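This report walks through one protein model step by step, for a reader who is meeting such structures early in their studies. Please keep the sequence and the structure in view while reading.

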Amino acid sequence: TFPKRIALLGSTGSIGRQTLDVVRRFPEQFRVVAMAARSNVDLLAQQVQEFQPDLVTCYADSPEVEASARRLLPRALLGEQGLLAVATHADADILVAATSGLVGLMPTLAAIGAGKTIALANKETLVMAGHLVTQAAQRVGVSIYPIDSEHSAIWQCLRGEEQKNIHRLLLTASGGPFRKTPLEDLKTVTVKQALAHPTWSMGPKITIDSATLMNKALEVIESHWLFGVPYEKMEVVVHPESVIHSMVEFVDGSIKMQASLPSMHLPIMNALGYPDRLASAETDFIRELRWPDVAALHFEELELSRFPCFRLAVEAGKRGGTYPCALVGADEEAVELFLTGKIGYLEIAQLIEAVLERHQSIEQPDVAATLEACAWARRTVRELWKKRIQVQS
Ligand code: NDP
Ligand code: MG
């Protein structure tokens, strides 16, 4: 039934803004009833003006942000409670979970508990707590629709197919900006180079994760939970053009692939519109695929020695317990250190490896143990980094 009523976590981010682009083009079909952001108060205020949600919340991570939120958004709920209030808003049918990093977990679980359909962009949530999220969703009978482009592709390929007929999932990876960089140059690559993704424009954290291929490993773990497929049945193939968004091979050897020009609007439209499809002709952001644009598509094997984060992360996923939580926490902190110029590119993998080596995993962690393992990993990255500086000086 329309309009579908949307609660949006992370409205000011890359996925959040593109979600609002879709809502803007299909005003009959969607209405935003609640939205949450953290620090971009100016943009949030503009969005509130345009979309008129019933509830707006701002996490406000500093006194300055809080002051400007009080001025520009007098009705907004401030602080941590806001995320939960948006996620469980009584009028919402569907939650678009598009915050970055760890904060999405609790609100996503709360939304599932409240019976909301989940359109999930925030991959860290499934990686950290895949068992908790999928069990809760099954218990309540709630669906999780993927927004990540690879998972949207697999989701589309699997329609009308039976689980027993899946031979393997083939996730495509662009290879990021350093696919061909000589290995000896990786030590000195800059933040700016790492942020220059060849095919996708995304938020900073996921862009760095795409350069290290941490992102692809997180997507392998995400696929394991979303589609219930074991790790032995997943493979990654490098595909620099980012036109084939992923593939499924069936037991008879047939492979289905999903293609489009790279655009996150499309998977967002898929998740919001499902089971219907929204017409791209009504948008100004979905470009029709023309043959000269895709005259040649290339596929290459993944060069593992170039991407240590990939191996570390898939290993953590396979080991399970709280290893994936430690992975997500360590990666978040290490990427933050890199983005703020405190460590070099290669140190991201070194710090994550050191943290995983020290981690004492717990089996079947509950929410508290999940969050504690993340927090421990973040602290441990900081401590290891401080020790390194002391040794260097
Ligand atoms: P961005 O960094 O662009 O945006 C993050 C959003 O989350 C911003 O709106 C930010 O608010 C908000 N946010 C962060 N922390 C809080 C908090 N504590 N309370 C409230 N809001 C908060 O990230 P992306 O949009 O790139 O990515 C979002 C998620 O989607 C990530 O998990 C990413 O891995 C995943 N994803 C993204 C893709 C992409 O193309 N961008 C593709 C596939 C998956 P503010 O700006 O106000 O600080
Ligand atoms: Mg992706």
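## Loops with unusual backbone geometry

Proline 275 is found in the loop that lies between helix H11 (265–273) and E12. The peptide bond that leads from tyrosine 274 to proline 275 is cis, with omega near 10°. This is a predicted model, and the values that follow should be read with that in mind.

Two glutamines also deserve a look at their backbone. Glutamine 52, which lies in the loop between H2 and E3, has a positive phi of about 50° although it is not a glycine. Glutamine 364 likewise is not a glycine and has a positive phi, here of about 45°, and its place is the loop between helix H14 (345–358) and helix H15 (367–392). Is glutamine 364 buried or exposed? With a relative accessible area of 61%, glutamine 364 counts as exposed, because exposed means over 50%.

## The parallel sheet

Seven strands make up an open sheet with parallel pairing, and their order is E4-E3-E2-E1-E5-E6-E7. E4 and strand E7 (144–146) stand at the edges of this sheet with a single partner strand each, so one side of each has no neighbour in the sheet.

Several of the pairings can be followed residue by residue. Strand E1 (residues 4–9) pairs with E2 in the parallel sense over six bridges, and leucine 8 stands opposite methionine 35 in E2. Strand E2 (residues 30–37) is in turn joined to E3 by four bridges, the two strands running parallel, and the bridge partner of alanine 34 in E3 is leucine 55. Between these two strands the chain passes from E2 through helix H2 (residues 41–51) to E3, in a β-α-β crossover that is right-handed.

E3 also pairs in the parallel sense with strand E4 (residues 77–78), over two bridges, and here cysteine 58 stands opposite leucine 78 in E4. The path from E3 to E4 leads through helix H3 (residues 63–72), and this β-α-β crossover is right-handed.

In a regular strand the side chains alternate between the two faces of the sheet. Strand E3 (residues 55–58) is covered on both faces, since Leu55 and Thr57 on one side and Val56 and Cys58 on the other are all buried.

## The mixed sheet

An open sheet of five strands, in the order E11-E10-E8-E9-E12, has mixed pairing. Its edges are strand E11 (255–259) and strand E12 (300–301), each of which has a single partner strand, so one side of each is left without a neighbour in the sheet. Within this sheet, strand E8 (residues 166–173) and strand E10 (residues 244–250) run antiparallel and are joined by four bridges, with leucine 169 standing opposite valine 248 in E10.

## The magnesium ion

Which residues coordinate the magnesium ion (ligand 2)? The donors are Asp148 (OD), Glu150 (OE) and Glu219 (OE), at 2.1 Å. Along the sequence these donor residues of the magnesium ion (ligand 2) follow the spacing D-x1-E-x68-E. The two glutamates link distant parts of the chain, since glutamate 150 belongs to helix H7 (residues 149–158) and glutamate 219 to helix H10 (residues 214–227), 69 residues apart. Glutamate 150 and glutamate 219 are both buried.

## The surroundings of ligand 1

There are 25 residues around ligand 1, and Thr12, Gly13, Ser39, Asn40 and Glu124 come nearest. The table lists contacts between an oxygen atom of ligand 1 and an atom of the protein.

| Residue | Part of the residue | Distance to an oxygen atom of ligand 1 |
|---|---|---|
| Asparagine 40 | polar backbone atom | 2.8 Å |
| Threonine 99 | backbone N or O atom | 3.5 Å |
| Glutamate 124 | N or O atom in the side chain | 2.8 Å |

Taken alone, ligand 1 exposes 900 Å², and the protein buries 93% of that area. The elements that contribute two or more residues to the shell around ligand 1 are helix H1 (14–25) and helix H6 (123–140).

Definitions and conventions: Residues are numbered from 1 along each chain as its sequence is written. Chains are lettered from A and ligands numbered from 1 in the order in which they are written. This is a predicted model: local features need pLDDT of at least 70, side-chain atom pairs count only at pLDDT 80 or more; totals for chains, interfaces and linings use all residues. Side-chain values use heavy atoms; hydrogens and water are left out. Donors are N, O and S atoms within 2.8 Å of the metal (3.2 Å for Na, K and Ca); water is not among the atoms, so sites may look incomplete. Buried means under 20% relative accessible area, exposed over 50%, partly exposed in between (1.4 Å probe, protein chains only). Two strands pair if DSSP finds at least two bridges between them. A crossover is right-handed if, with the strands pointing away from the viewer, the path from the first strand over the helix to the second runs clockwise. A residue is near a molecule or strand if one of its heavy atoms lies within 4 Å of it. A polar contact is a pair of N or O atoms within 3.5 Å; within protein, one must be able to donate a hydrogen and the other to accept it, and residues adjacent in sequence count only if both atoms are side-chain atoms. Accessible areas come from the Shrake-Rupley method with a 1.4 Å probe; for residues, only the protein chains shown count as cover.
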